Amino acid sequence: LSEAALPDVAPPGWRAQLELSARLHFGLLRQHPWLARVLYVTRPRPLASAISYADWVLRALDGHGLSASRRMYLHVALHTFILGMAVNLEAEADALSETGLSEDAWMATELHEFKALAASGRYPSFAKTLHEFSGGFDLQLDELFETGLQSLLDGFALILHPGGRKSSLRK
């Protein structure tokens, strides 16, 4: 974890700080895909390099009127999102090793099954979406990570700055 050190000076704003730490964390897990399997949420290890990430996130969330418990939950939610994305990195590497097929080649072998499920009539929204992919769908983990990160942080924004609305998550 110490290979991707956070900078001495944080960028301005809680969101920029969380984006920076999340991208560094995910980048590190990309370099060491096995690491996501040994970073436990329910049984964390007291490692200085892990605490530095926690401290960074907790500092970014401080000063918004949230309790220590809520700040910790938000930190853990961000951490588990990153771990959840990273677990797919090792799984994909294992699948490539076992099958010898790239993601695209594997999907090509399974496409007829997806189309059959779509044509069954039981999954109309899936069928409509699949039909709209004329050139296929190219799932990019980095793009998926960014989509998830931005969505998660949009939710954080509602908690940190509810704009007059009562948020049950501020506790």
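This is a short dialogue about reading features in a predicted model.

Colleague: Before I look at any details, what is the average pLDDT of the chain?

Modeller: Good place to start, since this is a predicted model. The score tells you the predictor's confidence in each residue. Here the chain averages 88, and 95% of the residues score at least 70.

Colleague: And which elements have the lowest and the highest mean pLDDT?

Modeller: Helix H4 has the lowest mean, 89, while helix H1, residues 14-31, has the highest, 95.

Colleague: Let's move on to charges. How many salt bridges does a search of the whole structure find?

Modeller: To spot one, look for a side-chain nitrogen of Lys or Arg within 4 Å of a carboxyl oxygen of Asp or Glu. The search finds 7 of them in this structure. Try Asp-142 and Arg-30: their side chains meet in a salt bridge with 2.9 Å from N to O. Asp-142 sits in helix H6 (residues 141-160) and Arg-30 in helix H1, so this pair ties together parts that are 112 residues apart in sequence.

Colleague: Are those two buried or exposed?

Modeller: Neither, really! Partly exposed is the class between under 20% and over 50% relative accessible area. Asp-142 is partly exposed because its relative accessibility is 41%, and Arg-30 is partly exposed too, at 37%.

Colleague: Okay, which residue forms a salt bridge with Glu-90?

Modeller: That's Arg-37, with the closest N and O atoms 2.4 Å apart. Glu-90 belongs to helix H3 (residues 68-99), and Arg-37 to the loop between H1 and helix H2 (48-61), so the pair ties together parts 53 residues apart in sequence. Check the accessibility as well: Glu-90 counts as buried because its value is 16%.

Colleague: Where do Glu-132 and Lys-128 lie?

Modeller: Both are in helix H5 (residues 124-132), 4 residues apart, which is about one turn of the helix. Their side chains meet in a salt bridge, 2.8 Å from N to O. Both ends are exposed: Glu-132 has a relative accessible area of 51%, and Lys-128 has 54%.

Colleague: Which residues are linked in a network of salt bridges?

Modeller: Follow the links through Arg-15, Glu-19, Arg-23, Glu-146 and Asp-154. Have a good look at Glu-19, which is found in helix H1. Glu-19 counts as buried because its relative accessibility is 16%.

Colleague: What does Glu-19 touch, leaving out residues up to four places away in sequence?

Modeller: Glu-19 touches Leu-149, Gln-150 and Leu-153. With Gln-150, there is also a polar contact of 3.1 Å between the side chains.

Colleague: Now the surface. Which residues make the nonpolar surface patch?

Modeller: For a patch like this, you look for nonpolar side chains with over 30% relative accessible area, joined within 5 Å. This one covers about 660 Å² and is made by Leu-101, Trp-106, Met-107, Leu-111, Phe-114, Leu-117, Tyr-123 and Phe-126. Helix H4, residues 103-119, gives the largest share, with 5 residues. Take Trp-106, which is found in H4. Trp-106 counts as partly exposed because its relative accessibility is 39%.

Colleague: One last thing: how many residues apart in sequence are Ala-108 and Gly-136?

Modeller: They are 28 residues apart in sequence, and their C-alpha atoms are 9.8 Å apart in space. Ala-108 lies in helix H4, and Ala-108 is exposed because its relative accessible area is 56%.

How values were computed
Residues numbered from 1 in each chain as written. Predicted model: local features only at pLDDT ≥ 70, side-chain atom pairs only at ≥ 80, totals over all residues. Heavy atoms only, no water. Patch = residues over 30% accessible without salt bridge, like charges linked within 9 Å, V, L, I, M, F, W, Y side chains within 5 Å. Areas by Shrake-Rupley, 256 points an atom, 1.4 Å probe, with all protein chains shown as cover. Helix = DSSP H or I, 4+ residues; strand = E, 2+ residues; numbered from the N terminus. Buried < 20%, exposed > 50% of the residue type's maximum accessible area, 1.4 Å probe, protein only. pLDDT = per-residue confidence, 0-100. Polar contact = N/O pair within 3.5 Å; in protein donor to acceptor, adjacent residues only side chain to side chain. Contact = heavy atoms within 4.5 Å.
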